[in-house]
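Biologist: I would like to learn how to read a fold like this one, step by step. Could you take me through it?

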Amino acid sequence: MKTLKFKTNINCGGCVSKVTPFLNKQEGVENWEVDTANPDKILTIESDGATEEDVKATLQKVGFKAESVD
């Protein structure tokens, strides 16, 4: 299992509910959460095969940006 972190523009509960069905269906994503209290809106994903590119592409489809954070 690998942990991926992204700086996003998912900044409220409405945004989270918009991405939820897409991230839940994303193959290789075991678990995820967005820290909307953090100024960078950090999305943390427990990945079991999903790559950074997969996650970025999925979020772009819904209209959100994600930037990898180390």
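Modeller: Gladly, and let us begin with strand pairing, bearing in mind that this is a predicted model. Strands of a sheet pair through backbone hydrogen bonds, in a parallel or an antiparallel way. Here β1 and β3 pair in the antiparallel sense, over six bridges. Phenylalanine 6 stands opposite leucine 43 in β3.

Biologist: In what sense do β1 and β4 pair, and over how many bridges?

Modeller: β1 and β4 pair in the antiparallel sense over four bridges. You can follow the register by eye: threonine 8 faces alanine 66 in β4, and lysine 7 has glutamate 67 of β4 as its bridge partner.

Biologist: What is the order of the strands in the open sheet?

Modeller: The four strands run in the order β2-β3-β1-β4, with antiparallel pairing. β2 and β4 stand at the edges with a single partner strand each, so one side of each has no neighbour in the sheet. On average, neighbouring strands of this sheet are turned by 30° against each other, direction ignored.

Biologist: Now the helices. Which strands does α2 touch as it packs on the sheet?

Modeller: α2 touches β1, β3 and β4, and its direction makes about 40° with that of β1. As for α1, this helix lies across β2 and β3 and runs at about 165° to β2.

Biologist: Which residues of helix α2 are buried?

Modeller: In α2, residues 52-62, the buried ones are Val55, Thr58, Leu59 and Val62. They sit on the same side of α2 because they cover an arc of only 95° around the axis. The other side of α2 has Glu53, Gln60 and Lys61, which are exposed.

Biologist: What do the buried residues of α2 pack against?

Modeller: Their partners are β1 (2-8), α1 (13-25), β3 (42-47) and β4 (66-69). Look just past the end of the helix too: glycine 63 comes just after α2 and takes a positive phi of about 100°.

Biologist: Let me try a single residue. Is serine 47 buried or exposed?

Modeller: Serine 47, which has its place in strand β3, counts as buried because its relative accessibility is 4%, and the cut-off for buried is under 20%. Its side chain reaches the backbone nitrogen of glycine 49 at 3.3 Å. Leaving aside neighbours within four places in sequence, serine 47 is in contact with Met1, Lys2, Leu4 and Gly28.

Biologist: And charged pairs? How many salt bridges does a search of the whole structure find?

Modeller: The search finds one salt bridge. In this pair the side chains of aspartate 40 and lysine 7 meet at 3.9 Å, N to O. The two come from distant parts of the chain, 33 residues apart: aspartate 40 is in the loop between β2 (29-35) and β3, whereas lysine 7 is in strand β1.

Biologist: How should I class the accessibility of aspartate 40 and lysine 7?

Modeller: Compare each value with the cut-offs: partly exposed lies between buried, under 20%, and exposed, over 50%. Aspartate 40 has a relative accessible area of 34%, so this residue is partly exposed. Lysine 7, at 35%, is partly exposed as well.

Biologist: So lysine 7 is worth another look on screen.

Modeller: Yes, try following both of its links: lysine 7 has glutamate 67 as its bridge partner in β4, while its side chain meets that of aspartate 40 in the salt bridge.

Note on methods. Residues numbered from 1 in each chain as written. Predicted model: local features only at pLDDT ≥ 70, side-chain atom pairs only at ≥ 80, totals over all residues. Heavy atoms only, no water. Buried < 20%, exposed > 50% of the residue type's maximum accessible area, 1.4 Å probe, protein only. Arc of directions from axis to C-beta. Contact = heavy atoms within 4.5 Å. Polar contact = N/O pair within 3.5 Å; in protein donor to acceptor, adjacent residues only side chain to side chain. Pairing = 2+ DSSP bridges. Salt bridge = Lys/Arg side-chain N within 4 Å of Asp/Glu carboxyl O. Axes fitted to C-alpha atoms, helices over the stretch in contact; angles between N-to-C directions.
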